[in-house]
Amino acid sequence: MALVNIKIEGRPYQVEEGMTILEACRSVGYRIPSLCTFNKGQCSKASCRVCLVAVKGARGLVASCVYPVNEGMEISISNIDAIEARRANVELLLSNHNMNCQQCDKNGHCELLEVAKIVGAREGMYQGEKTPTTFDNLSPSLVRDTSKCILCGRCIERCKDAQGIGILGFENRGFNTIVAPSGNRSFATSPCIQCGQCVNVCPTGALMEHSEIALVDKALKEGKKVIVQTAPAVRAAIAEEFGAKIGTVGTGKMVAALHRLGFYRVFDTNFAADLTIMEEAYELLGRIKNGGVLPQITSCSPGWINYLEYYYPEVIPHVSSCKSPHEMLGAIIKSYYAKNHDIDPKDIFVVSVMPCVAKKYEKDRPANRAVDGLKDVDAVITTRELAKMIKRAGIDWSYLPEEEFDDDLLGEYTGAGVIFGVTGGVMEAALRTAYFALTGKEYPLIEFKEVRNVSLFKEASIEIDGKVIKIAAVSGMKNAKPLLEDVKNGKSPYHFIEIMGCPGGCINGGGQPYVHPNLLPNEEANILDTYIQKRARVLYSEDERLVVRQSHNNPDIKRLYKDYLGEPCSHLAHELLHTHYDAHREKYPQVKK
Amino acid sequence: MIDSTKSLNEKITHCSQCLKNKVEGLDGKRAVVVCGGTGCMASHSEEILEEFKKLIEEYDLQDKVTVNHVGCFGFCSQGPFVKIFPEDTLYHAVKVEDVRKIVEEDLLNNHVVSELFYEDPATHQKVQRQDDINFYKKQVRLALHGCGHINPENIDEALGYGAFQGLEKALSMKPQEVIDLILKSGLRGRGGAGFPTGRKWQFAYDQKNDTKYVVCNGDEGDPGAFMDRSILEGNPLNVIEGMMIAGYAIGAKNGYFYVRAEYPIAVKRLRIAIKEAEELGLIGDHILGTDFSFHVHIRLGAGAFVCGEETALLNSIEGKRGMPRPRPPFPAISGLWGKPTIINNVETLACVPYILREGLENFTKYGTEKSKGTKVFALGGKINNVGLVEVPMGTTLRELIYDIGGGIPNGKKFKAIQTGGPSGGCLTEKDLDTPIDFDNLVAKGSMMGSGGAIVMDEDNCMVDVAKFYMEFICDESCGKCSPCRIGTKRILEILNKIVRGNGTRQDLDDLLHLSKTIKAGSLCGLGQTAANPILSTTANFMDEYLEHIDEKKCRAHVCKHLMRYVIDAEKCKKCSLCARNCPVNAISGVVGKEPFVIDQNKCIKCGMCFSACRFKAINKE
């Protein structure tokens, strides 16, 4: 990489050619306050004007987030005009902002507040009328509150970039501009897949998950037996909420915290992941043996399922009928577990802690009510919401001991279940079991290296019993689209495809802790390039640590089939663990008034 | 089909002769041309044309008289115009009912209808010929070439009037030579900032890329500006030719016209011109038998002012929301669909064929040292001769306003002229003798802009003028960057406070500070100039602001909250007309007995009484 000579505040530096002023300054120790900019221009570029700097010879001030450095450039961040302009622009944004910061769910993670602090925004400057706003909480997953939106456009770009959908865009003009689904529809009535990637990038409280903490509180208060389960990806990220560096494992402390929050039992969704593998692997075997519809596509990501129903209903026959793991566990808790302990399923309240906001939508699906018309899962809270519950209970994370999940019928889990949380993981886990089922032997090399990295599309072929099985794993709907086109047109070369809604899989789900580099001074500058790998590494090391790494070797799973379900894909298993999809889901459903 | 220089020249010779025959009457026919510009069309020039056709038939004159539309004459306040060749008689303000008279007296009996001649307001002399009208005397029509003369819907007339000679010349040169010529001509962009056209072309030429584009910016959005519209309506082929020369110079094969959808006539004539040129092989592959191929496309704007900003315009052509992109990269490096693109204004491209056809010297002989050629202005506001004028750069504002524009109506006093549209600024009495060129206007705190020139007199309140422009800018901000989106709103709020008499000195400070912030920190040209109405009016008319703030007074009696209507008891004839016109029953009195009085608490200052009173008994104070 060629270097160019620049001066910052009169001091000479050498920086890489092609960098923006913002990047170049950061690389040599100057942090220019910035707001809209995100992940190499994944935003409405140069729109907030908070990163203005003075450049000698330039007309006016320059937006450092887009302006490339060039040889001989002389930059001043401390130029008083630039300082005043940055402050004025933040003050202008604040003058059109809903200032209920104390009650805002984003309190503590708000980039606008942070930047206001840095630039020294003064109280009450430029007060006036505010843009007419929309508050949309009709979706069970997402809340949009345009009164807090600063029009940075990150969500718009993320939706396009991750999902290829582009559900969000700018509406209206000038002062009345807002970010909205087309026609300012609700998320609930637009073809949004509820993945929550937009929430992950929002610098303010304009896009949030639809919180269900209150539901959990109510159940606890009513004295229900509130059973909590946590998805694999949660442990890979929850510690971040308490100041740990990205990539810190948080399993033991998280379980300890859950024990202290008054839950009746703390289970691991990994158990259900193992169960899913059993069902899904046998479903695949059935399809291969009986000439069923191939490729089979995984079904554990509700964002993907929404995408399927909206955009590729023709592909529904290819998709495994397995419920997602937390739904399976909910159904098992309200049937097998309740029966064993002689508890009325009505008295059980299942809470899922998920890295995902689409699961909130998923739990309300009418097809996911296996036992007496009860919801399999009663409430879904995100990793972020769990952290809030821990904090408000006064629990000091650093003091928490490491504790184990409750060993009560559904306690054991395997390495196969753990890696569910990362793209390629479901595939890998299923293949371990499929190999065994077909050959009666454990696959000698337990790790399918071909599928193990977090690039967003990968494929491999393996030989099982003389038969070549072609597999692919993809995450992010934009990446899935070409594969789905092939499947739709009958041209897909694969036997088995794993699709996850969010790029990188559940570890990068819409309910995970925010990765906003501006608010993470202790992480490297390129953290947005590396955080997915770092979280994935937590899950893979967990897998390697565990003695049992194949779902079919999980003793609790074995017992469940022996005592209750019979065999994978049995009639009872179908009743409890499988679901169906709606090919006729209206493209743009209307909300009932 | 024209596929070589030879066949083009044959065609040109033929068409020139035809046009000459028409204008000079050599074919023994007389020709009636009717203005077909938007302004005159709105005053029924379409019906006038139809009436001519009808009457010509009625009097069986089909073999002796032809009739057709031509482009804008420019003198819009006096339209619709009808001109008769070969005598070159110009009738102004023609109504449909006048047509019979023209036909019966002039066409049948060769008696001119002198009552329809333009009358000079100063000398009260009737003027028969266009060139003798003061309005036209100081004008030089390069960009408006052919407007008001040729039929814009007939390519033969354009070819007979110089079309494609510039392109022919260009094709005989190397592209770099064409760029050098344009560089030497000193031609600067007519759309606003005045960037040297040749340099823009050079940037694009230097890019190694098989795909490049030329875009013609016809998204003329300044209030009161209609130069580009008139050029496109009057001689679309001239602009197309300019675009093709640009395409040849930079190595582009495709050109896009981006024209406002509000210009249906311009779009229609552009479409006709493109189609006719394509049919003749003058647009398409291997033009004139050379390796140069060029295709022309039209995209319609959807009414957003910001789409006149070049990067927003590119987004709009691409089908995206019209919002500016940050620069760099500049469009010449990465423009339409990421390809090297030059964006030139209609008027700029209209000058290009002239430079090639008539030669460098004939262009550079007009203008000042750093601004060559001419500039078209849309003269409007408080001025007698409202219309389109093209003058050499370096003409003074005084010449523009008084000699060409005919001065201020009703003997009122000149106060300011706003140039450059909302993004421009106000020039005052002290600037009247400034020669108009790009740099002088900027030095005086305004800008050339696209050429809107709105004259204001003593009845205009400059705070109100600033408010008018801020309302426009606030409405037209795209909403992308925060200083422009929120800052213009805050400015407008402060102005509203001031015109209501609630302003404070602190507000004035905030106003100036905000203006500077917006100017220095906005993303695009619109934003960077959005505060100019404030900066310019405060620089020149601070006393008016201070009057509004300190004395709660509007000297022009424009700001409703700072003025009131009062009935002069001595002048009042007690007729009750004012009271009967008052929509809120604020006026009371006894007919014939007691003078009428306005209850200031009820008065909504609508001005109905003021206009109703026949005895000038109502005053503003």
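Modeller: Angles under 35 degrees count as roughly parallel, over 145 as roughly antiparallel, 65 to 115 as roughly perpendicular and the rest as oblique. Heads-up: this is a predicted model, where local features need pLDDT of at least 70 and side-chain atom pairs count only at pLDDT 80 or more, while totals for chains, interfaces and linings use all residues. Residues are numbered from 1 along each chain as its sequence is written, with chains lettered from A and ligands numbered from 1 in the order in which they are written.

Biologist: So how are helix 2 of chain A and helix 19 of chain B oriented to each other?

Modeller: Helix 2 covers residues 80–95 of chain A, and helix 19 covers residues 482–499 of chain B (helices are DSSP runs of H or I, at least four residues, numbered from the N terminus). Their axes, lines fitted to C-alpha atoms over the stretch in contact, are 9 Å apart, and the packing angle is about 65 degrees (on a scale from 0 to 180 between N-to-C directions). Helix 2 of chain A and helix 19 of chain B are therefore roughly perpendicular.

Biologist: And which residues of helix 19 of chain B meet helix 2 of chain A?

Modeller: From helix 2 of chain A come N89(A), L92(A), L93(A) and S95(A). Facing them in helix 19 of chain B are S482(B), P483(B), I486(B), G487(B) and R490(B).

Biologist: Which helix of chain B gives the most to the side that touches chain A?

Modeller: In total, 25 residues of chain B are in contact with 29 of chain A (C-beta atoms, placed from the backbone, within 7 Å). Helix 18 (462–476), helix 19 and helix 20 (505–521) of chain B each supply at least two residues of that side of chain B. With eight residues, the top contributor from chain B is helix 19.

Definitions and conventions
Contact = placed C-beta atoms within 7 Å.
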